[in-house]
Amino acid sequence: MSISTYNGAAIIAMSGKDCVAIGCDLRLGIQNQTLATDFKKVYKIHDRLYLGLAGLATDALTLNQRFQFKHNMYKLREERNMNPATFAHMVSKTLYEKRFGPYFVEPVIAGIDDDGTPYITGMDSLGAMETSKDFMVAGTAPNSLWGVCESFYRPNLGPEELFETISQCLLSGVDRDALSGWGAVVYVIAKDKSFVKTLKGRMD
Ligand SMILES: *[C@@H]1O[C@H](CO)[C@@H](O)[C@H](O)[C@H]1NC(C)=O
């Protein structure tokens, strides 16, 4: 048993035209036993920046609190929100600080800059960052998520089309994984209109 597949997770982030989307499944399990179907793995940092944490659920909750704290301290000092790239480097640094006893999480970060430019990145549990122009996935079903994303993704989608694409990718991706699924939630972040939608999925 691997500690990073103990609870199960599926996260996708996708970039569109002046917008990004990030979504996750809702299952929380202990190995094969499902405990809850309302466990969100995407956390809001501010209106234009969201963080997804796949991996060990307890570490994800701890880290989310640390990142909220660090973002609050930055806001007090700078009187502005962190931009997505700054936040991503802060996350990377925080993980690398624990290089020899890491948090067992795989973060995915999605946000837009002040001018609406999309920013998407993912990293491993040590903070090795991989920025992407199109999409990024994390969790216990990475192969099936990569597969559907590579088939369905098109560049320069608007918020509505991006929502449709990421939703279909999530729902199809998690059907090939026993440890994730049981519904999903998708956040679409755009300059003027952002929205959240909860998706019904297969409950088996
Ligand atoms: C969990 O389910 C998988 C797939 O059905 C199975 O291969 C595995 O042995 C199960 N693990 C445990 C701990 O029961």
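1. A pocket here is an open set of points on a 1 Å grid over the protein atoms alone, with protein on both sides within 12 Å along at least five of seven lines, and its lining residues have an atom within 4 Å of a point. Grid points are joined across faces, edges and corners, and the volume is the space filled by probe spheres set on the points. By that recipe the largest pocket comes out at about 160 Å³.

2. A word on provenance: this is a predicted model, with local features needing pLDDT of at least 70 and side-chain atom pairs counting only at pLDDT 80 or more, while totals for chains, interfaces and linings use all residues. Residues are numbered from 1 along each chain as its sequence is written, and side-chain values use heavy atoms, leaving out hydrogens and water.

3. Back to the largest pocket. Its lining includes His-46, Asp-47 and Arg-48, then Arg-80, Asn-81, Met-82, Asn-83 and Pro-84, plus Ile-112, Asp-113 and Asp-114. By class that is three nonpolar, three polar and five charged residues. For the classes, Ala, Val, Leu, Ile, Met, Phe, Trp, Tyr, Cys and Pro count as nonpolar, Asp, Glu, Lys and Arg as charged, and the others, Gly among them, as polar.

4. Now the enclosed space. A cavity is a set of grid points where a 1.4 Å probe fits but cannot get out. The structure has one of 30 Å³ or more, and the largest has a volume of about 40 Å³. Residues lining the largest cavity include Asn-7, Arg-27, Phe-39, Lys-41 and Leu-53. The elements giving two or more residues to that lining are β6 (49-55) and α1 (57-78); helices (H or I, at least four residues) and strands (E, at least two) are DSSP runs, numbered from the N terminus. The lining splits into seven nonpolar, three polar and two charged residues.

5. One open sheet has five strands in the order β5-β6-β7-β8-β9, with antiparallel pairing (two strands pair if DSSP finds at least two bridges between them). Its edge strands, β5 (42-46) and β9 (129-132), each pair on one side only. Twist averages 20 degrees from one strand to the next. Inside the sheet, seven bridges join β6 to β7 (residues 105-112), and Leu-51 has Ile-109 in β7 as its bridge partner. Helix α1 lies across β5, β6 and β7, at about 5 degrees to β5. Angles run from 0 to 180 degrees between N-to-C directions, and axes are lines fitted to C-alpha atoms, for helices over the stretch in contact.

6. The other five-strand open sheet I'd look at runs β10-β1-β2-β11-β12, again with antiparallel pairing. β10 (135-139) and β12 (195-199) are at the edges with a single partner strand each, so one side of each has no neighbour in the sheet. Here the twist averages 10 degrees from one strand to the next. A hairpin takes β11 to β12 through four residues, and five bridges join the two strands. Val-188 is bridged to Phe-195 in β12, and Val-186 to Lys-197.

7. Last, the helices. α3 lies across β1 (10-15) and β10, at about 160 degrees to β10, where contact means heavy atoms within 4.5 Å. The axes of α3 (residues 142-152) and α4 (residues 159-174) come within 9 Å and cross at roughly 145 degrees. Residues meeting there include Leu-145, Val-148 and Phe-152 in α3 and Thr-165 and Cys-169 in α4. The contact counts five nonpolar, four polar and no charged residues.
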